[in-house]
Amino acid sequence: MAGEPQDDCLFCKIAEGHVPATIVRETDATVAFRDINPQAPTHVLVIPKAHYKDAATLATAAPALAADVLREAQAVADEEKLESYRIVFNTGAGAGQTVWHAHAHVLGGRGMQWPPG
């Protein structure tokens, strides 16, 4: 069920503290941690603690929580002293989503190309 922790979800396990991660920020609603396969000098994932399978589901079911994720992405960028950065939500396998728990990638510390694909 949306919003409920999933036993088979890696990010739910990180949010619950059952799987270690390098946490950079945490609030009552979100957790931000370093990506284990960084694609930029700064690559932090910001997740809601509640389980939603992707950004579209999160935005529809819990828009205030989606806003919390974006606010925390900004806070990560501020703490990392990023003048420029990219926030990415991959939604669906064709877009590169590999963990089915909504999450924002905060990428910075190098120039970003366009198009990103």
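Reader: In what sense do strand E2 and E3 pair, and over how many bridges?
Author: In this predicted model, E2 covers residues 30–34 and E3 covers residues 42–48. One position that shows the pairing is Ala-32, which stands opposite Val-46 in E3. The sense is antiparallel, and the count is 5 bridges.

Reader: Which residue in E5 is the bridge partner of Val-46?
Author: E3 is also joined to strand E5, residues 104–108, and the two run antiparallel with 5 bridges. Within E5, Leu-45 has His-105 as its bridge partner. For Val-46 the partner in E5 is Ala-104.

Reader: How many of the residues of E3 are buried?
Author: In a regular strand, side chains alternate between the two faces of the sheet. In E3, Thr-42, Val-44, Val-46 and Pro-48 point one way, while His-43, Leu-45 and Ile-47 point the other way, and all are buried. Buried here means under 20% relative accessible area. The strand is mostly covered, and the count is 7 of 7.

Reader: Which strands stand at the edges of the sheet?
Author: The sheet is open, has 5 strands and antiparallel pairing, and follows the order E1-E2-E3-E5-E4. An edge strand here has a single partner strand, so one side of it is left without a neighbour in the sheet. The strands in that position are E1 (23–26) and E4 (85–88).

Reader: What angle does the direction of helix H3 make with that of E3?
Author: Within the sheet, neighbouring strands are turned by 20 degrees against each other on average, direction ignored. Helix H3, residues 63–79, packs on this sheet and touches E1, E2, E3, E4 and E5. Its direction makes with that of E3 an angle of about 155 degrees.

Reader: What kind of aromatic pair do Phe-11 and Phe-33 form?
Author: A search of the whole structure finds 1 aromatic pair. A pair of aromatic rings is described by the distance of the centres and the angle of the planes. For Phe-11 and Phe-33 these are 5.4 Å centre to centre and 75 degrees between the planes. Planes over 60 degrees apart count as edge-to-face, so the pair of Phe-11 and Phe-33 is edge-to-face.

Reader: How many residues apart in sequence are the parts that this pair ties together?
Author: Phe-11 and Phe-33 are both buried. Phe-11 lies in helix H1, residues 10–15, and Phe-33 lies in strand E2. The pair therefore ties together parts whose separation in sequence is 22 residues.

How values were computed. Residues are numbered from 1 along each chain as its sequence is written. This is a predicted model: local features need pLDDT of at least 70, side-chain atom pairs count only at pLDDT 80 or more; totals for chains, interfaces and linings use all residues. Side-chain values use heavy atoms; hydrogens and water are left out. Buried means under 20% relative accessible area, exposed over 50%, partly exposed in between (1.4 Å probe, protein chains only). Helices (H or I, at least four residues) and strands (E, at least two) are DSSP runs, numbered from the N terminus. Two strands pair if DSSP finds at least two bridges between them. Axes are lines fitted to C-alpha atoms, for helices over the stretch in contact, and angles run from 0 to 180 degrees between N-to-C directions. Contact means heavy atoms within 4.5 Å. Rings of Phe, Tyr and Trp (its six-membered ring) pair if their centres lie within 6.5 Å; planes under 30 degrees apart count as stacked, over 60 as edge-to-face and the rest as tilted.
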